[in-house]
Protein chains: 2
Amino acid sequence: MNQSLHEPKYTIKDVAEITGLTKHTIRYYDDQQLIPFVSRDGRNNRLFSDHDLDWLRMVHSFRVSGLPISEVKHYIAMCLQGDETIPDRAELVAKQEKELEAKIHAYNLQLMHIKEKKAYYKSVLAGQLNDTWNPVNNNPECGEKYDIPEHIHSASKAHVSP
Amino acid sequence: MNQSLHEPKYTIKDVAEITGLTKHTIRYYDDQQLIPFVSRDGRNNRLFSDHDLDWLRMVHSFRVSGLPISEVKHYIAMCLQGDETIPDRAELVAKQEKELEAKIHAYNLQLMHIKEKKAYYKSVLAGQLNDTWNPVNNNPECGEKYDIPEHIHSASKAHVSP
DNA sequence: ATATTGACTTCGAGTAACTCGAATACTTAA
DNA sequence: TTAAGTATTCGAGTTACTCGAAGTCAATAT
């Protein structure tokens, strides 16, 4: 536990530069209590330590992966509380893992569709096809058709005016 | 070009059921002109054709992949305009491909970190470790450290009150 | 005949997570 | 002494939903 990790070193500008986040966002995270130990100097300016950077990195990576701020807050509260919260933390992390996997899956699917669109446009531009596939007419460019449940059949519920 | 594709068949409830979107969201997309040909029945109720479902599927998949509504709108406008917009459409699609790939990359990275956290908690729970790795003390759970640019050095800009 | 149910409509407010600009304050360099 | 640069807070704006209220209409149950 190096004391220098807790020595304030960086201004908000430094942190913005280091992390790639905007100063606005960093202040917002601080206001939301997502970086619990940020100190201030004699002029009330925020001063960040390496340790604060660690926290910020953690918060940032949780946010990038889609965890809402409220849950990041909850996670942080548990960290501050102590070892007895480890089972709960482990649970939250497992849930987040599932969500990430689902997202990666969905994105890979969408990437496939995009690649098909791209290939299609390429062949149209090469003059091998004309745009009969245009979404205005009929649109097979965007991948999977929806599954239409059996109980929904043409005009089933469409009340036509008498 | 089957005429039946353009026959109104589904109520908003059907569409919600088919797509998994909420009725609210579907109405919102319609209000935003993201489904250009939706018709109404004698009671002013929305009525969707298979063709409308195709559009909605396209819109939905663009949104899932993170394209802002404004750009989906732009894409739709180009589709409606005709073949001469194909180069621009291809460009938009290529840009979107890049973004998806970047996202998938970031998510995979985050997934790695999450798996590490998970493994760490598991070993703590198994009693092999105590929580000296806790983010309160020092936090190596969250992956990559930020690169700190050379020109930022300890307390470089930290004005200490005189 | 009337009441309930259920589906639709529009409208307007609420939410999350930023995002931005304005007003203000302080220091330092020209 | 003025301008540049950095910081602060505060409050409003944005995006993409998300939700509920209020109203309308038609079929069904009593």
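These are my notebook entries on two DNA strands and two helix pairs in this structure.

**Entry 1: what I am looking at**

I kept in mind from the start that this is a predicted model.

**Entry 2: DNA strand D**

Which residues come nearest to DNA strand D? I found 17 residues around the strand, and the nearest of them are Lys13(A), Arg27(A), Arg46(A), Tyr29(B) and Arg63(B). So much for who is there; next I looked at what part of the DNA they touch. Of the strand D atoms that come within 4 Å of the protein, 70% belong to sugar and phosphate.

I then went through some phosphate contacts one at a time. Arg63(B) puts a polar side-chain atom 2.8 Å from a phosphate oxygen of strand D. Arg46(A) uses its backbone instead: an N or O atom there sits 2.9 Å from a phosphate oxygen of DNA strand D. Thr11(A) has a polar side-chain atom 3.4 Å from a phosphate oxygen of this strand.

Which helices supply the surface near strand D? I noted H1 (12-19) and H2 (23-31) of chain A, plus H2 (23-31) of chain B, each with at least two residues. H2(B) gives the most, with four residues. Sorted by class, I get five nonpolar, five polar and seven charged residues on the surface near strand D.

**Entry 3: DNA strand C**

Over to the other strand I had on my list. DNA strand C has 17 residues around it, and the closest are Tyr29(A), Arg63(A), Lys13(B), Arg27(B) and Arg46(B). Sugar and phosphate make up 77% of the strand C atoms that come within 4 Å of the protein.

Chain B supplied the phosphate contacts I wrote down here. The side chain of Arg27(B) has an N or O atom 2.8 Å from a phosphate oxygen of strand C. For Arg46(B), a backbone N or O atom lies 2.8 Å from a phosphate oxygen of DNA strand C. Lys23(B) brings a polar side-chain atom to 3.3 Å from a phosphate oxygen of strand C.

The elements giving two or more residues to the surface near strand C are H2 of chain A, along with H1 (12-19) and H2 of chain B. Which of them gives the most? I found that H2(A) does, with four residues. The class tally near strand C reads five nonpolar, five polar and seven charged.

**Entry 4: H4 against H5 within chain A**

I turned to helix packing. In chain A, the axes of H4 (residues 69-81) and H5 (residues 86-125) come within 10 Å and cross at roughly 150°. The two helices are therefore roughly antiparallel, and H4(A) passes H5(A) in a left-handed crossing. On the H4(A) side I listed Glu71(A), His74(A), Tyr75(A), Met78(A) and Cys79(A), and on the H5(A) side Asp88(A), Arg89(A), Leu92(A), Val93(A) and Lys95(A). By class, this contact has five nonpolar, one polar and four charged residues.

**Entry 5: H3 of chain A against H5 of chain B**

Next I checked a pair that spans the two chains. H3 (residues 50-64) of chain A packs on H5 (residues 86-125) of chain B at about 120°, with the axes 10 Å apart. That angle is why I call H3(A) oblique to H5(B). The crossing of H3(A) and H5(B) is left-handed. Which residues meet here? From H3(A) I have Met58(A), Ser61(A), Phe62(A) and Val64(A), facing Tyr107(B), Gln110(B), Ile114(B) and Lys117(B) of H5(B). I count five nonpolar, two polar and one charged among the residues of this contact.

Terms used
Residues are numbered from 1 along each chain as its sequence is written. Chains are lettered from A and ligands numbered from 1 in the order in which they are written. This is a predicted model: local features need pLDDT of at least 70, side-chain atom pairs count only at pLDDT 80 or more; totals for chains, interfaces and linings use all residues. Side-chain values use heavy atoms; hydrogens and water are left out. Axes are lines fitted to C-alpha atoms, for helices over the stretch in contact, and angles run from 0 to 180 degrees between N-to-C directions. Angles under 35 degrees count as roughly parallel, over 145 as roughly antiparallel, 65 to 115 as roughly perpendicular and the rest as oblique. A crossing is left-handed if the near helix is turned anticlockwise from the far one by less than a right angle, and right-handed if clockwise. Contact means heavy atoms within 4.5 Å. Ala, Val, Leu, Ile, Met, Phe, Trp, Tyr, Cys and Pro count as nonpolar, Asp, Glu, Lys and Arg as charged, and the others, Gly among them, as polar. A residue is near a molecule or strand if one of its heavy atoms lies within 4 Å of it. A polar contact is a pair of N or O atoms within 3.5 Å; within protein, one must be able to donate a hydrogen and the other to accept it, and residues adjacent in sequence count only if both atoms are side-chain atoms.
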